[in-house]
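Thanks, I will keep this short. The topics are one pocket, the nonpolar cores, and two single residues.

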Amino acid sequence: CSSRRFVARKIGNVSTALREWIALHTVGHIPLAASLLRPRRHIAPAQLECTVPRATMQRLLAQSGLNASQQDAVLFSVSGDGFRLVQGPPGTGKTQTVMTIISALLLEPGSGTVLVCAPSNAAVDELATRLLRGVWTVGMDGITLEQRRFAPGKLLRIGVTENCSPL
């Protein structure tokens, strides 16, 4: 019998690496594979076709407080179909950009359901909290933009209860 002691410490977690490995090996079987692996080249904002009336979109962008790059991201996101990804370091305005994208999508004629995903429960909770405060909509006069809150039951937050912040 040996008298040596061993100490074990957790220094990492392979869960994220395992998820990435699985995703890379199954990407050929998902419908969004082409959009993810061969994204469209950047198009100048003036060339984008948007279904939101130009004057309404200009008012939305003016009221959003976004910088030029963020405004381009909004215009690109609401033009055409496909997959859009907004990413960047903390504090760079991703949430405000996404909120403006959601407002623009809901301003489109015949707009339907919008699905928003984020890499963490905290990011989803932050979006849900801001969405509960409201999104920009066209006012009763058809010209001005005003904040509109979602009706009860119109905003769905999906996740493991223990990992969700109370809203």
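A pocket here is an open set of grid points, on a 1 Å grid over the protein atoms alone, with protein on both sides within 12 Å along at least five of seven lines. Please keep in mind that this is a predicted model.

With that, the pocket. The second largest pocket has a volume of about 520 Å³. Its lining consists of 18 residues, and the closest to the pocket centre are Val-114, Leu-115, Val-116, Leu-155 and Leu-156. Two elements give two or more residues to this lining, namely α5 (94-107) and α6 (121-133). Which of the elements gives the most to the lining? That is α6, with four residues. Sorted by class, the lining of the second largest pocket holds 14 nonpolar, two polar and two charged residues.

Val-114 deserves a separate slide. Val-114 sits in the loop between α5 and α6. Is Val-114 buried, partly exposed or exposed? Its relative accessibility is 31%, so Val-114 counts as partly exposed, since buried means under 20% and exposed means over 50%. Once neighbours within four places in sequence are set aside, Val-114 is in contact with Ile-102, Leu-105 and Leu-106. For the pair Val-114 and Ile-102, the separation is 12 residues in sequence and 7.3 Å in space, C-alpha to C-alpha.

Next, the cores. In soluble globular proteins, nonpolar side chains tend to be buried together. In this model the largest nonpolar core has 12 residues, including Val-52, Met-57, Leu-60, Val-78, Leu-107 and Trp-136. Elements that give two or more residues to this core are α3 (54-64), α4 (68-77) and α5. Val-74 is also one of the core residues. Not counting residues up to four places away in sequence, Val-74 touches Met-57, Leu-61, Leu-66, Thr-97, Thr-100, Ile-101 and Ala-104. Apart from the largest core lies another, of six residues, with Val-98, Ile-102, Leu-131 and Val-135 among them. Ile-102 came up a moment ago, as a contact of Val-114.

Last, Gln-70. Gln-70 is placed in helix α4. Why does Gln-70 count as buried? Gln-70 counts as buried because its relative accessibility is 13%, and the cut-off for buried is under 20%. What does Gln-70 contact, leaving aside its neighbours within four places in sequence? The partners are Thr-92, Gly-93 and Thr-97. Thr-97 is also on the list of residues that Val-74 touches.

That is the end of my part.

Definitions and conventions: Residues are numbered from 1 along each chain as its sequence is written. This is a predicted model: local features need pLDDT of at least 70, side-chain atom pairs count only at pLDDT 80 or more; totals for chains, interfaces and linings use all residues. Side-chain values use heavy atoms; hydrogens and water are left out. On a 1 Å grid over the protein atoms alone, a cavity is a set of points where a 1.4 Å probe fits but cannot get out, and a pocket is an open set with protein on both sides within 12 Å along at least five of seven lines; lining residues have an atom within 4 Å of a point. Grid points are joined across faces, edges and corners, and a volume is the space filled by probe spheres set on the points. Ala, Val, Leu, Ile, Met, Phe, Trp, Tyr, Cys and Pro count as nonpolar, Asp, Glu, Lys and Arg as charged, and the others, Gly among them, as polar. A nonpolar core is a set of buried Ala, Val, Leu, Ile, Met, Phe, Trp, Tyr and Cys residues joined through side-chain atoms within 4.5 Å. Buried means under 20% relative accessible area, exposed over 50%, partly exposed in between (1.4 Å probe, protein chains only). Contact means heavy atoms within 4.5 Å.
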